[in-house]
Amino acid sequence: MGVEIKVDGLTKSFGKQVIWRDVSLTVPAGEICVMLGPSGTGKSVFLKALIGLLKPDTGSIVIEGTDIASCSEKDLYEIRKLFGVLFQDGAMFGSMNLYDNVAFPLREHTRKSESDIRDIVMEKMDLVGLVGAEDKLPGEISGGMRKRAGLARALVLDPEIVLFDEPDSGLDPVRTAFLNQLIVDLNAQIDATFLIVTHDINTARTVPDNIGLLYHKHLAMFGPREMLLSSEEPVVRQFLNAQRVGPIGMSEEKDANELAAEAGQELPPLPPIPMQLEPSNGIPRRSQRPPGEWCRDHGVTPPPGSFQADAAIATR
Ligand SMILES: Nc1ncnc2c1ncn2[C@@H]1O[C@H](COP(=O)(O)OP(=O)(O)O)[C@@H](O)[C@H]1O
Ligand SMILES: [Mg+2]
């Protein structure tokens, strides 16, 4: 279960404004990928291109042999059924209770009986830990519960691919930690491909199998988590370690004067690579690999203290 997404040479602009160009990457089937990037670098635009809501100028997005960038409306309609999407704010209908919100895609897209719908809605509410809250209105519950309700709705048609647009925005660190654990548990359990757009460095460091970084109108890097967390590439290093020193400035990239002023400044050492967050439900990740394997295979020495059980805490 879970399908691969193969993106090749993708470019998107609005009028004269290029958002990103020549983005190529493969999201492996069943794995978790995180896409990072400063605000406004086109992360949401990228997700919208993947589900065919925005058409790229050039390039291809191939899923199960169909190129979303060039296929017919009819094929697009079919391909979209593979996706579940969790939008930034949960995108709940405010006047419907959680039950009806979660049931909505089933009533819209299937001919299931209300009794079948009930079974599916309750199964998904249970998956995200919301049993008992079916009658609540979105406005009556916390942001964390709204995200989980949005997630239940995203799962209701049994997607092969789940896209998350900043699932942790507006959540406190403890709620974010719970949501991250839920995401990892769900990935192991339902075995779909997950792509998460986030700003949260701790999420990026511990949750995914692969990380991508959009910066300055291109994909700066995409690859296994350990590759990016051990990378000395200046943009990757700066972003993944939330540092001020580096090419990224307050509003956009730093200019030559700003960079010259930084020259010779000692960079703090790379922090240890934390252990990957493990599923708490006893089901292994589909892509479970021994900690440090990528570094060993590629002759990279990980930062001291990496892959110790408490390294995640040390970087918080
Ligand atoms: N439908 C659209 N029409 C024109 N410009 C858009 C549209 N959607 C997004 N943009 C522009 O694309 C850029 C990237 O937006 P977005 O993907 O929302 O960034 P991010 O999610 O990384 O913060 C922004 O400058 C935004 O104004
Ligand atoms: Mg966005």
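Angles under 35 degrees count as roughly parallel, over 145 as roughly antiparallel, 65 to 115 as roughly perpendicular, and the rest as oblique. This is a predicted model, where local features need pLDDT of at least 70, side-chain atom pairs count only at pLDDT 80 or more, and totals for chains, interfaces and linings use all residues. Residues are numbered from 1 along each chain as its sequence is written, while chains are lettered from A and ligands numbered from 1 in the order in which they are written.

Q: Why are helix 3 and helix 4 called oblique to each other?
A: Their axes cross at roughly 125°. The angle runs from 0 to 180 degrees between N-to-C directions, with axes fitted to C-alpha atoms over the stretch in contact. That value belongs to none of the named ranges, so helix 3 and helix 4 are oblique. The axes come within 10 Å.

Q: Which residues make the contact of helix 3 and helix 4?
A: Helix 3 passes helix 4 in a right-handed crossing (the near helix is turned clockwise from the far one by less than a right angle). Helix 3 supplies Tyr 99, Val 102, Ala 103, Leu 106 and Arg 107. Helix 4 supplies Ile 117, Ile 120, Val 121, Lys 124 and Met 125. Contact requires C-beta atoms, placed from the backbone, within 7 Å.

Q: What makes helix 3 and helix 5 roughly parallel?
A: Their axes cross at roughly 30° and come within 7 Å. The angle falls under 35 degrees, so the pair is roughly parallel. Helix 3 passes helix 5 in a right-handed crossing. The contact takes Leu 98, Asn 101, Val 102, Phe 104 and Pro 105 from helix 3, and Ala 149, Ala 152 and Arg 153 from helix 5.

Q: How do you know that the buried residues of helix 4 line one face?
A: Ile 120, Val 121, Lys 124 and Met 125 are buried (20 or more other C-beta atoms within 10 Å of their own). Down the helix axis they fall within an arc of 135°, so they line one face. Ser 115, Asp 116, Asp 119 and Asp 126 are exposed (12 or fewer) on the face turned away. Helix 3 (98-109) and helix 5 (143-155) are among the elements covering the buried residues of helix 4.

Q: What makes helix 5 largely enclosed?
A: Ten of its 13 residues are buried, so the rest of the structure largely encloses helix 5. Among them are Arg 146, Leu 151 and Leu 155. The cover includes strand 6 (83-86), helix 3, helix 4, strand 7 (161-165) and helix 6 (173-190).

Q: How does the span of helix 4 compare with the expected one?
A: Helix 4 (residues 114-127) has 14 residues and reaches 20 Å from first C-alpha to last, close to the expected 20 Å. The expected span is 1.5 Å times one less than the number of residues. Helix 5 has 13 residues and reaches 18 Å, close to the 18 Å expected. Just after helix 4, Gly 129 takes a positive phi of about 75°.

Q: Why does Lys 217 count as partly exposed?
A: Lys 217 has 17 C-beta neighbours inside 10 Å. That lies between the limits for exposed and buried, so Lys 217 is partly exposed. Lys 217 sits in the loop between strand 9 (210-215) and strand 10 (218-224). Its phi is near 65°, positive in a residue other than glycine.

Q: Why does Ala 242 count as exposed?
A: Ala 242 has 10 C-beta neighbours inside 10 Å, so the limit of 12 or fewer is met. Ala 242 lies in the loop between helix 9 (234-240) and helix 10 (256-262). Ala 242 is not a glycine, yet its phi is positive at about 50°.

Terms used: Helix = DSSP H or I, 4+ residues; strand = E, 2+ residues; numbered from the N terminus. Arc of directions from axis to C-beta. Contact = placed C-beta atoms within 7 Å.
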